[in-house]
Amino acid sequence: MARNYKEEYKDFHSKPDQKKRRAGRNAARRKMTAAGKVNRGDGKDVHHKDGNTLNNKKKNLRVESRSKNRSRKK
């Protein structure tokens, strides 16, 4: 069964809370790019140590491999 992306966006990704979390993740990535710690296409993720995507303080961010960051239990 194929995914219905339009329905998925309507039910989850368009919610205000989810938009803020996504914006926080994007802001963290931009911050680490500006600092020269990550580059486009390098296979790295920006990890939030405390799990709060809205907390983009320098001490809360860390660069990890994509596989390590996404395999962690939430």
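These legends go with close-up views of a predicted model.

**View 1. The largest pocket and what sits around its centre.** Here's the largest pocket, with about 650 Å³ of space in it. Its lining is made of 20 residues. If you want to find the middle, look for Arg25, Val46, His48, Thr53 and Asn69, which lie nearest the centre.

**View 2. Where the pocket lining comes from.** Three elements each supply at least two lining residues of the largest pocket: helix H2 (16-34), strand E1 (44-48) and helix H3 (66-71). As for chemistry, the lining splits into 12 charged residues, 7 polar ones and 1 nonpolar one.

**View 3. Helix H2 from end to end.** H2 runs for 19 residues. From first C-alpha to last, H2 spans 27 Å, close to the 27 Å you'd expect at 1.5 Å a residue. Just past the helix, have a look at glycine 36: it follows H2 and has a positive phi, near 85°.

**View 4. The two faces of H2.** Which residues of H2 are buried? They are Gln18, Gly24, Ala28 and Met32. These four cover an arc of only 120° around the axis, so they end up on the same side of H2. Turn to the face pointing away from that buried side and you'll meet the exposed residues Pro16, Lys20, Arg30 and Ala34.

**View 5. What covers the buried side of H2.** Zooming in on the buried residues of H2, you'll find that their cover includes helix H1 (5-13), E1 and strand E2 (61-65). E1 also turns up in the pocket view, as one of the elements supplying at least two residues of the lining.

Conventions
Residues numbered from 1 in each chain as written. Predicted model: local features only at pLDDT ≥ 70, side-chain atom pairs only at ≥ 80, totals over all residues. Heavy atoms only, no water. 1 Å grid on protein atoms, 1.4 Å probe; cavity = no way out; pocket = protein on both sides within 12 Å on 5 of 7 lines; lining within 4 Å. Points joined across faces, edges and corners; volume = space filled by probe spheres on them. Nonpolar A, V, L, I, M, F, W, Y, C, P; charged D, E, K, R; others polar. Expected span 1.5 Å × (residues − 1). Buried < 20%, exposed > 50% of the residue type's maximum accessible area, 1.4 Å probe, protein only. Arc of directions from axis to C-beta. Contact = heavy atoms within 4.5 Å.
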